[in-house]
Amino acid sequence: MQKEYDVDVEWKAFDLRPDTPPQGMPRKERPGQSPAGQPVDGHLGDLAREAGLTMLRAPFTPYTRPAMQACEYAKTVGKFDELHLGLFKAYWERGANLGDMAVLKQEAAAAGLDADAMEQALATGVFAEQVQEQVDFAHRVGITGIPAFIVDGRYLLVGAQPYDTFKQVMARVLEERQAALGEG
């Protein structure tokens with residue numbers, strides 16, 4: 001999207017499973033889902049394969065608040081994209097526990113962050129309120145799943161979407177903006 005359109009992308013925190021305890025929990029297998037360690041199936045799996053992403057069904061549901069706070073720290077030093085991608089791969093390709101500080105520090109170091117400084121920031125809770133505000137915002141605007149996208153502050157897309165859906169929304173936004181310029 002960023003290459004095709006002049007858009008700003010701002011990632012925000014969301015608790016997909018807010019009932020997850022701080023130690024995480026084993027993932028419950030559901031009928032019809034691929035087992036742990038196997039590629040994600042269904043619509044999400046199809047879109048992942050089309051995008052060239054590896055998404056294996058994880059055996060564990062992590063408590064992700066520490067990872068969300070780590071990402072906020074990474075934003076402050078210009079390394080969000082690197083850390084976010086590393087955490088994505090750690091979870092979806094290796095089933096890593098994103099609630100484990102050792103995993104977060106490993107991915108932070110790989111992303112070029114000062115892992116000890118990040119750990120210290122998380123220990124002080126400096127980003128806890130910011131993450132909670134983002135989660136609260138998501139609930140207020142009706143986000144119920146991930147990924148979710150708010151386009152031009154008006155269009156909410158929830159769930160994995162084909163790229164053509166984004167192109168259609170962007171075409172509508174551009175048409176609306178052009179029409180608004182014509183009215184002024």
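This report describes the packing of helix 2 against helix 3 and the surroundings of helix 4 in a predicted model.

## Basis of the model

Because the model is predicted, local features need pLDDT of at least 70 and side-chain atom pairs count only at pLDDT 80 or more, whereas totals for chains, interfaces and linings use all residues. Residues are numbered from 1 along each chain as its sequence is written, and side-chain values use heavy atoms, with hydrogens and water left out.

## Helix 2 against helix 3

Helices here are DSSP runs (H or I, at least four residues) numbered from the N terminus. Helix 2 (residues 65–76) packs with helix 3 (residues 80–94) at an angle of about 155°, their axes, which are lines fitted to C-alpha atoms over the stretch in contact, being 8 Å apart. The two helices are therefore roughly antiparallel (over 145 degrees, on a scale from 0 to 180 degrees between N-to-C directions).

In this contact (heavy atoms within 4.5 Å), helix 2 contributes Ala67, Ala70, Cys71, Ala74 and Lys75, and helix 3 contributes Phe80, Leu83, His84 and Leu87.

## The two sides of helix 4

Helix 4 (residues 101–110) has Val103, Leu104, Glu107 and Ala108 as its buried residues (under 20% relative accessible area, 1.4 Å probe, protein chains only). Seen down the axis of helix 4, these residues fall within an arc of 130°, taken from the directions from the axis to the C-beta atoms, so they line one face. Their cover includes helix 2, helix 3 and helix 5 (115–124), while the face turned away carries Ala102, Gln106 and Ala110, which are exposed (over 50%).

## The ends of helix 4

At the start of helix 4, a side-chain oxygen of Asp100 reaches to within 2.8 Å of the backbone nitrogen of Ala102. Helix 4 is followed by Gly112, which has a positive phi, near 90°.

Methods
Parallel < 35°, antiparallel > 145°, perpendicular 65-115°, else oblique. Polar contact = N/O pair within 3.5 Å; in protein donor to acceptor, adjacent residues only side chain to side chain.
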